[in-house]
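User: I'd like to learn how to read a fold from its strands, salt bridges and core. Can you walk me through one?

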Amino acid sequence: HGMTGMTHGTNNDVDTTAEQLDGSTSGLDTACKRVDLMANHANTGSIYVGGSDAIGSLTGGMELRAGDFYSIDINNLNDIWIEASENNQILKYIYFT
């Protein structure tokens, strides 16, 4: 698999506005090979994961409910966008380099 490193992070404020994985809307230029995502068990809403043009409950994306896990092979974190059905949701992630 060629992975040599692992880094973790948490976005503690996923809201109803589309954003990149770290909560920004530009500049998350981090090379990686795979990302594992998990919606916090205490979340009351869903988090949608996809590309910048495919997130949200009306436009597509992968829906993560409380406790759900999703893994994606991808080469840069800036390609992952998230949006929640309710404000203040939490998404944990680990990315592999």
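**Reading the sheet, the charges and the core**

Analyst: Let's begin with a strand pair, keeping in mind that this is a predicted model. Strands β1 and β8 (residues 89-96) run antiparallel, and seven bridges join them. For one of those pairings, look at Met6, whose bridge partner in β8 is Phe96.

User: What is the strand order in the open sheet of four strands?

Analyst: To read a sheet, follow the partners from one side across to the other. Here the order is β1-β8-β3-β6, and the pairing is antiparallel. The edges are β1 (6-14) and β6 (69-73); each has a single partner strand, so one side of each has no neighbour in the sheet. Ignoring direction, neighbouring strands are turned by 20° against each other on average.

User: How many salt bridges does a search of the whole structure find?

Analyst: Look for a Lys or Arg side-chain nitrogen within 4 Å of an Asp or Glu carboxyl oxygen. The search turns up two. In one, Arg34 meets Asp36 at 3.3 Å, N to O. In the other, Arg65 meets Glu63 at 3.2 Å.

User: Is Asp36 buried or exposed? And what about Arg65?

Analyst: The trick is to check relative accessible area: under 20% is buried, over 50% is exposed, and in between is partly exposed. Asp36 has 11%, so it counts as buried, while its partner Arg34, at 24%, is partly exposed. Arg65 comes out at 51% and therefore counts as exposed; Glu63, at 30%, is partly exposed.

User: Which residues touch the most other members of the largest nonpolar core?

Analyst: For a core, ask who touches whom among the buried nonpolar residues. This one has 18 residues, and those touching the most other members are Leu21, Val35, Leu37, Leu77 and Leu91. Strands β3 (34-39), β4 (47-50), β7 (81-84) and β8 each supply at least two of its residues. Take Leu37 as an example: beyond four places in sequence, its contacts include Leu21, Val49, Leu64, Phe69 and Leu91. Asp68 and Lys92 are also among the residues that Leu37 touches.

User: Why does Asn11 count as buried?

Analyst: Same cut-off as before. Asn11 has a relative accessibility of 5%, so it is buried. Asn11 sits in strand β1, and a polar atom of its side chain lies 3.0 Å from the backbone nitrogen of Asp13. Leaving out neighbours within four places in sequence, Asn11 is in contact with residues including Glu19, Leu21, Ile82, Ile90 and Tyr93.

Terms used. Residues are numbered from 1 along each chain as its sequence is written. This is a predicted model: local features need pLDDT of at least 70, side-chain atom pairs count only at pLDDT 80 or more; totals for chains, interfaces and linings use all residues. Side-chain values use heavy atoms; hydrogens and water are left out. Two strands pair if DSSP finds at least two bridges between them. Axes are lines fitted to C-alpha atoms, for helices over the stretch in contact, and angles run from 0 to 180 degrees between N-to-C directions. Buried means under 20% relative accessible area, exposed over 50%, partly exposed in between (1.4 Å probe, protein chains only). A nonpolar core is a set of buried Ala, Val, Leu, Ile, Met, Phe, Trp, Tyr and Cys residues joined through side-chain atoms within 4.5 Å. Contact means heavy atoms within 4.5 Å. A polar contact is a pair of N or O atoms within 3.5 Å; within protein, one must be able to donate a hydrogen and the other to accept it, and residues adjacent in sequence count only if both atoms are side-chain atoms.
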